[in-house]
Amino acid sequence: MTATTTLILGGGFGGISAANSLRRLLPGEHAITVIDGSSHFHVGAGKTWIMLGERTYEEISRARTELLDPGVRFIEANIVGLDLSKRTVATDKETLRWDRLVIALGADLNLDRVPGLAAAHTFYTVEGAQRLRAVLERFAGGEIAMLIPKVPFKCPPAPYEAAILLHHALESRGLAGKARIAIYTAEGAPMATAGPEMGQYIKEELSRRRIGFHPLKTVTKVDGSARRVVFEDGGEAPYDLLIAVPPHEAPQVVRDARLTGPSGWIPVDPRTMQVKAPPGTSGVYAVGDITAVPLPGRYKPDVGLSLPKAGVFAEAQGRAVAHQIAAGILGRAPAETFEGKGFCYLELGARRAVRADGAFFELPHPVMQKRMPDEAQFRDKLDWVAQHLRPVR
Ligand SMILES: Cc1cc2nc3c(=O)[nH]c(=O)nc-3n(C[C@H](O)[C@H](O)[C@H](O)COP(=O)(O)OP(=O)(O)OC[C@H]3O[C@@H](n4cnc5c(N)ncnc54)[C@H](O)[C@@H]3O)c2cc1C
């Protein structure tokens, strides 16, 4: 059997999972290389904790070399070009050739897609969460606007969870009567893909804390000098502190390679994660936030659904892709495909959380099941984060 090279672009949830799973499935002569522009992996969920001053970056991150199987090569380099016909990847250090390719580059965050939005704070990046932490430490009261200007965005519960935890933190500091939080979102309901029950549950949790919820708000601009957000419907939201989920987009390198479809993301087969277009993409897979995964079910006949962007899905897709690639190389049938199953935790403050489990390929529409919130589910979330930071070597 001829030795092959699998290149994995991006060493986040999807890339690490694909690399480690594939290493276990393939004999050592088949090379597996992960390329990422930064040396350290971090858990997305930890950024909310950084914002609240509960953890540092060091506590939510780990060197990728410690998380990757010793039989996987890691290259720290920025990917600058992808040539599908030559089957090469150009980085700022070297150009590499692939036999199989896994694209796991995540989503880029771009505040500039909305005029004036650069004035907002964000906890969606590590640096943003660190800056916001310092601002919140000095915050003595006023209007906090949480803005979700575009969909899709990663971890659909995250802004709602952040608002609830922020409310809890302000209450603990005796600022409950002096601060008001309101969420303005382009979505029709929180976690819309997870179904009406999940949305209703979150709305009730917000309302219990008097956190304002304003759906279907399309932002025209942010007027930083007047401290107000202007919406297409003529409405305005005044703020003393503006926190935004930055608009997401596929990284430039895959847009340049014309791998993105009309949704702006890479279209893939929902079970194998094989890239659908353009021609010349045989042996090319994509996983995680960078993909658009159409769902078979829907809530309204004319509205299609896409799989939410989350680490749990990226990870499961990475495993499924490893099985596809190994099966192709070893001449067997793949033992696993992506089944559209995942879960999320919604933290509610005071060491309580609720876990919701979802089957997103279910018909007639995705289903999410949850239990009553408690401390055991909060501890499960801590374990889930810790698991992702545990060295494999
Ligand atoms: C506040 C917050 C809370 C969250 N909570 C949860 C949660 O509780 N559960 C959950 O499942 N998900 C959660 N998520 C979402 C989760 O973090 C993402 O969905 C997940 O990281 C996606 O994995 P990925 O492999 O697709 O991309 P990523 O993990 O983002 O990895 C992409 C990698 O590609 C690299 N890269 C990109 N472009 C280049 C380039 N040109 N050259 C070299 N390297 C490049 C990046 O450095 C990065 O390491 C949360 C996200 C946020 C922001």
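Tutor: Two strands are counted as paired if DSSP finds at least two bridges between them. The model discussed here is a predicted one.

Student: Over how many bridges do β14 and strand β15 pair?

Tutor: A pair of strands needs at least two bridges. Strand β15 covers residues 228-231, and its pairing with β14 is antiparallel. One facing pair is Asp223 and Arg228, the latter in β15. The number of bridges between β14 and β15 is 4.

Student: Which strands stand at the edges of the sheet with the order β14-β15-β16, and why is one side of each left without a neighbour?

Tutor: This open sheet has 3 strands, paired in the antiparallel sense. An edge strand has a single partner strand, so one of its sides has no neighbour in the sheet. Ignoring direction, neighbouring strands are turned against each other by 15° on average. The edge strands are β14 (219-223) and β16 (236-238).

Student: In the open sheet of 4 strands, is the pairing parallel or antiparallel, and what is the order?

Tutor: The edges of this sheet are formed by β13 (212-214) and β17 (241-244), each of which pairs on one side only. From one strand to the next, the twist averages 20°. The pairing is parallel, and the order is β13-β12-β11-β17.

Student: Which residue in β17 is the bridge partner of Ala145?

Tutor: Strand β11 (residues 142-148) runs parallel to β17, and 4 bridges join the two. Ala145 has its bridge partner in β17, namely Leu242.

Student: What angle does the direction of helix α5 make with that of β12?

Tutor: Helix α5 (residues 158-172) packs on the sheet and touches β11, β12 (179-185), β13 and β17. Its direction and that of β12 make an angle of about 175°.

Student: Why is the sulfur of Cys155 not in a bond with the closest cysteine sulfur, and how far away is that sulfur?

Tutor: A disulfide is a covalent bond between the sulfur atoms of two cysteines. The cut-off applied is a pair of cysteine sulfur atoms within 2.5 Å, and the search of the whole structure finds 0 disulfides. The closest cysteine sulfur to that of Cys155 belongs to Cys344, and the separation is too far for a bond, at 6.6 Å.

Student: Does Cys344 count as buried or exposed, and at what relative accessibility?

Tutor: Buried means under 20% relative accessible area. Cys155, at 34%, counts as partly exposed. Cys344 counts as buried because its relative accessibility is 14%.

Student: Which residues around the ligand come nearest?

Tutor: The ligand has 30 residues around it. A polar side-chain atom of Asp36 is 2.6 Å from a ligand oxygen atom, and one of Arg64 is 3.2 Å from a ligand oxygen atom. Gly311 places a backbone N or O atom 2.9 Å from an oxygen atom of the ligand. The residues that come nearest are Gly14, Asp36, Ile79, Asp289 and Val312.

Student: The backbone nitrogen of which residue lies 2.8 Å from a polar atom of the side chain of Asn20?

Tutor: Asn20 is in helix α1 (residues 13-25) and is buried, with a relative accessible area of 7%. Beyond four places in sequence, its contacts include Leu67, Leu68, Val72 and Val392. The backbone nitrogen at 2.8 Å from the Asn20 side chain is that of Asp69.

Student: What is the relative accessibility of Ala286, and does Ala286 count as buried or exposed?

Tutor: Ala286 is in strand β20 (residues 284-286). Leaving aside neighbours within four places in sequence, Ala286 is in contact with residues including Ile103, Ile266 and Met273. Ala286 counts as buried, its relative accessibility being 0%.

Student: What is the phi of Met273, which is not a glycine?

Tutor: Met273 is in the loop between β19 (266-267) and β20, and at 0% relative accessibility it counts as buried. Arg227, in the loop between β14 and β15, also is not a glycine and has a positive phi of about 55°. For Met273 the phi is positive, at about 65°.

Student: What is omega for the cis peptide bond that joins Leu363 and Pro364?

Tutor: Pro364 is in the loop between β25 (352-359) and β26 (367-370). A cis peptide bond also joins Val151 and Pro152, with omega about 0°. For Leu363 and Pro364, omega is about 5°.

Technical notes
Residues are numbered from 1 along each chain as its sequence is written. This is a predicted model: local features need pLDDT of at least 70, side-chain atom pairs count only at pLDDT 80 or more; totals for chains, interfaces and linings use all residues. Side-chain values use heavy atoms; hydrogens and water are left out. Axes are lines fitted to C-alpha atoms, for helices over the stretch in contact, and angles run from 0 to 180 degrees between N-to-C directions. Contact means heavy atoms within 4.5 Å. Buried means under 20% relative accessible area, exposed over 50%, partly exposed in between (1.4 Å probe, protein chains only). A residue is near a molecule or strand if one of its heavy atoms lies within 4 Å of it. A polar contact is a pair of N or O atoms within 3.5 Å; within protein, one must be able to donate a hydrogen and the other to accept it, and residues adjacent in sequence count only if both atoms are side-chain atoms.
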